[in-house]
Amino acid sequence: MTRTGQSHILAIGGGSFRPTRRHGFLEASPLLRYALDLTGQDRPKLGLMATATGDDSDWLLKMYGALARWDVEVSHLTVFPMPNVADPRAWMLDQDMIYVSGGSVAALMALWRLHGYDEMLEDAWRSGVVLSGQSAGALCWHVGGNTDSFGPDLRVWAEGMGLLPYSCGVHYNAEPQRRPLLQASVASGELPPGYAADEGVGLHYVGTEFIQAVSIAPGAYAYRLEHDGAGSVKEVRIEPRLLTA
């Protein structure tokens with residue numbers, strides 16, 4: 001397998017999959033096509049991980065269905081009731097891209113660390129496997145952000161893998177608690193400076209460097225959160241590149 005030699009992460013604030021006119025069915029959005037194109041493969045191997053939903057079989061089935069018309073080779077890795085592949089590390093290294101669903105990021109990281117998946121995923125990333133995910137699947141690659149893993153009132157969470165040495169904000173324009181809590185936690189030092197994404201926006205990193213934001217939603221943005229030198233936070237809006245279908 002020939003890879004690009006670069007380590008890519010696309011952290012998505014929301015909008016990886018969208019509802020169709022057929023009730024209960026989803027379609028994969030151009031954000032996922034963008035991430036798949038980063039693999040450089042004509043027919044990439046795409047691995048799905050839905051740990052954050054408790055490996056919900058219905059959600060896995062919907063993701064498979066959404067990708068059925070794309071020229072990708074799809075498989076998945078579960079934790080419950082036991083790993084569904086004999087060698088999870090080999091499975092990860094064999095993928096061109098791994099996509100991690102939303103759900104409980106706190107449970108996801110606890111289970112990954114229990115099974116050693118965090119170290120395996122880091123090895124895969126360093127070998128050139130593209131990592132992506134939405135919400136919990138975006139937060140996990142960073143130092144942390146805020147989460148509803150513990151209930152409807154968001155909490156600051158700083159237990160991420162830290163492949164990316166930043167804080168991360170997801171659903172930034174869709175849930176009113178998100179922006180003020182992330183700004184406050186960066187200002188206080190609970191979280192490092194970082195990036196945030198509105199619904200429909202993805203944050204693209206090469207190695208640990210933020211390269212650009214991409215979007216499927218006109219009027220949606222990414223943001224850089226920096227210390228302003230006066231004990232507060234400066235939020236810099238980033239214009240994303242608009243993706244077409």
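Met97 is a good place to enter this structure, a predicted model, since at 0% relative accessibility the residue counts as buried. Burial here is defined as under 20% relative accessible area. Met97 belongs to strand S6, which covers residues 97-100. Setting aside neighbours within four places in sequence, Met97 is in contact with Leu32, Ala35, Leu36 and Thr39, with Lys45, Leu46 and Gly47, and with Val129, Val130 and Ser132. Trp112 lies 15 residues from Met97 along the chain, and the C-alpha atoms of the two are separated by 18 Å.

Strand S6 takes its place in an open sheet of eight strands, ordered S5-S4-S6-S7-S1-S12-S13-S16, in which the pairing is mixed. Strand S5 (73-77) and strand S16 (241-242) form the edges of this sheet, each pairing on one side only. Five bridges link S4 with S5, and the two strands pair in the parallel sense. Within this pair, Gly47 stands opposite Ser75 of S5. Gly47 also appears among the contacts of Met97.

Moving along the chain from S6, Ser104 is found in the loop between S6 and helix H4. Its side chain reaches the backbone nitrogen of Ala107 at 3.1 Å. The side chain of Ser104 also makes a polar contact with the side chain of Ser149, at 3.4 Å. Residues up to four places away in sequence not being counted, Ser104 touches Ala52, Ala136 and Ser149.

Which residues of H4 are buried? They are Val105, Ala106, Leu108, Met109, Leu111 and Trp112. These buried residues pack against strand S4 (45-49), S6, H5, helix H6 (136-139), S8 and S9. After H4 comes Gly116, with a positive phi near 75°.

Helix H4 (residues 105-115) and helix H5 (residues 117-127) have axes that come within 5 Å and cross at roughly 85°. The two helices, H4 and H5, are therefore roughly perpendicular to each other. On the H4 side the contact involves Met109, Trp112, Arg113 and His115, which meet Tyr117, Asp118, Met120 and Leu121 of H5. Sorted by class, the contact of H4 with H5 has five nonpolar residues, one polar residue and two charged residues. Met109 and Trp112 are thus worth following in the model, being listed both among the buried residues of H4 and in the contact with H5.

A further open sheet has six strands in the order S9-S8-S10-S11-S14-S15, again with mixed pairing. Why is one side of strand S9 and of strand S15 left without a neighbour in the sheet? Strand S9 (155-157) and strand S15 (233-238) stand at the edges and have a single partner strand each, so one side of each is left without a neighbour there. From one strand to the next, the twist averages 25°. Inside the sheet, strand S8 (residues 142-147) and strand S10 (residues 164-169) run parallel and are joined by two bridges. His142 has Leu164 as its bridge partner in S10.

Helix H7 (residues 178-188) lies across S8, S9, S10, strand S11 (194-197), strand S14 (222-227) and S15. Relative to S14, H7 runs at about 30°. Strands S8 and S9 are listed as well among the elements against which the buried residues of H4 pack.

Technical notes: Residues numbered from 1 in each chain as written. Predicted model: local features only at pLDDT ≥ 70, side-chain atom pairs only at ≥ 80, totals over all residues. Heavy atoms only, no water. Pairing = 2+ DSSP bridges. Helix = DSSP H or I, 4+ residues; strand = E, 2+ residues; numbered from the N terminus. Axes fitted to C-alpha atoms, helices over the stretch in contact; angles between N-to-C directions. Contact = heavy atoms within 4.5 Å. Buried < 20%, exposed > 50% of the residue type's maximum accessible area, 1.4 Å probe, protein only. Parallel < 35°, antiparallel > 145°, perpendicular 65-115°, else oblique. Nonpolar A, V, L, I, M, F, W, Y, C, P; charged D, E, K, R; others polar. Polar contact = N/O pair within 3.5 Å; in protein donor to acceptor, adjacent residues only side chain to side chain.
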